[in-house]
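Student: Can we go through this model together, a bit at a time? I'd like to see how you reason from the atoms.

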Amino acid sequence: MNMPLETPFDMPHHANSPTGAVARALVVLAALNSSTRPLSLAELSRRTGLPKSTVHRLLGVLCAYEAATRTRNQYFSHASRPWETSDLENIRRFSALVRQESTPFLVDLHNATGATASVSVLSATGPRHINQIYGHRGLKITTCSSYCTTVERVLRAYSTAWDPSDRVEQELLEVRKLGTAHSMDTHRGVASVAVPLHSNGTTFRFSVALSVCARIGQYNVRRATELLRHHSHDLTMTLAASLAVPQPESDDTSNSAVHDATA
C-alpha cells in the first residue's frame with residue numbers, strides 16, 4: 001500500500017508541459033480512487049512517488065474541478081469511496097454507544113470542576129461533538145472556538161490516520177507526548193483541556209476525546225487534567241466492555257446530546 005503507484009505510461013520528462021501535468025494529476029487521482037479511506041498529503045506523496053509540493057498543487061486542481069474533496073488535512077475522490085457508507089454507519093453506531101455510556105462520567109467531571117464537560121469523536125468529515133454537560137452559566141462547545149480547537153488537536157493527534165512524517169501534523173507530536181492538549185484563550189477568557197480515550201492498549205477505530213472548558217480561573221487546570229485522565233481510563237474500559245457484546249440499534253444519533261446539569 002505504501003509503494004508508489006506504477007503508471008501504465010511513461011511520465012513525460014517536462015513536468016511543466018500540459019501532458020506532464022495531466023499525467024501527474026491522473027496518477028494522484030488514481031491513488032485516491034484506489035484508497036479505502038481518505039489520504040493525507042504525505043500518504044499521497046509516498047503512494048505516487050511525487051513531491052509533496054507537486055501533489056498539493058494537483059490536489060488543488062482536482063478539488064477545484066470537484067474530482068476530489070478536502071476534509072481538514074485529508075483528501076478523497078468522488079469516483080470511489082468504498083469507505084464512506086460503512087464508516088458512516090459505524091460512526092453512527094459508535095456515537096450512539098459513546099452518548100449512552102458517557103453521561104455519568106461527564107456529570108462527575110462537571111460536578112468536580114464546575115466546567116462544561118464534553119466527549120467528541122473524529123469522523124471522516126471532522127470532529128463530532130457527541131455529548132456535553134454544562135450548567136446555566138456554562139459554555140457550550142459550539143460557541144467556543146478555542147474549545148473546539150483543543151478537542152480537535154487531541155482527536156487528530158490520536159487518529160488512526162495520524163501521519164508523523166507529514167509536516168502539517170508535526171504540531172500534534174507534542175499532544176501525543178503529553179497525552180493532553182491545553183488552551184488559554186485570553187481574548188475570550190476561556191481555558192480548556194482535552195485528553196484521548198485510550199489506555200492499557202485499548203484503542204478504538206474512531207478517535208475519541210474527553211474535555212472540559214470554562215472561564216479562565218473558574219477551575220484548576222492541573223486538577224481537571226488529572227480528573228480527565230482518570231475518567232478517560234474508566235470510560236475507555238466501559239466502552240471496550242460494551243463493544244465486546246452486540247449493541248442494540250439506536251433510533252437517532254444525528255444530533256449531539258446536550259444536557260444542562262442544573263436542570
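**Salt bridges and helices**

Tutor: Let's start with Asp185, which lies in strand S6 (residues 181-185); helices (H or I, at least four residues) and strands (E, at least two) are DSSP runs, numbered from the N terminus. This is a predicted model, where local features need pLDDT of at least 70, side-chain atom pairs count only at pLDDT 80 or more, and totals for chains, interfaces and linings use all residues. Residues are numbered from 1 along each chain as its sequence is written, and side-chain values use heavy atoms, with hydrogens and water left out.

Student: Is Asp185 buried or exposed, and what is its relative accessible area?

Tutor: Buried means under 20% relative accessible area, exposed over 50%, and partly exposed in between (1.4 Å probe, protein chains only). Asp185 is buried, because its relative accessible area is 13%.

Student: Which backbone nitrogen does the side chain of Asp185 reach?

Tutor: Think polar contacts: a pair of N or O atoms within 3.5 Å, where within protein one must be able to donate a hydrogen and the other to accept it, and residues adjacent in sequence count only if both atoms are side-chain atoms. At 3.1 Å, the side chain of Asp185 reaches the backbone nitrogen of His187.

Student: Which residue forms a salt bridge with Asp185?

Tutor: A salt bridge is a side-chain nitrogen of Lys or Arg within 4 Å of a carboxyl oxygen of Asp or Glu. Here the closest N and O atoms are 3.1 Å apart. The partner is partly exposed, with a relative accessible area of 44%, and it is Arg188.

Student: How many salt bridges does the count come to?

Tutor: Besides Arg188 with Asp185, the side chains of Glu152 and Arg156 meet at 2.9 Å, N to O. Those of Glu226 and Arg223 meet at 3.7 Å. By the salt-bridge rule, the count is three.

Student: How far apart along helix H5 are Glu152 and Arg156?

Tutor: Both Glu152 and Arg156 are buried. An α-helix has 3.6 residues a turn, so residues three or four places apart point the same way. Glu152 and Arg156 are four residues apart in helix H5 (residues 145-157), so their separation is about one helical turn.

Student: Are Glu226 and Arg223 buried or partly exposed?

Tutor: Glu226 and Arg223 sit three residues apart in helix H7, about one helical turn. Glu226 has 45% relative accessibility, and Arg223 has a relative accessible area of 45%. That makes Glu226 partly exposed, and Arg223 is also partly exposed.

Student: How far does H7 reach from its first C-alpha to its last?

Tutor: H7 (residues 221-243) has 23 residues. The expected span is 1.5 Å times one less than the number of residues, which gives 33 Å for H7. Close to that expected value, H7 reaches 32 Å.

Student: Which residue has a side-chain oxygen reaching a backbone nitrogen at the start of H7?

Tutor: The backbone nitrogen belongs to Arg222. A side-chain oxygen comes to within 3.0 Å of that nitrogen, and its owner is Asn220.

Student: Within what arc do the buried residues of H3 fall?

Tutor: In H3 (residues 52-64), the buried residues are Thr54, Val55, Leu58, Leu59 and Leu62. They line one face of the helix, because seen down the axis of H3 they fall within an arc of 130 degrees; the arc is that of the directions from the helix axis to the C-beta atoms. So the value for H3 is 130 degrees.
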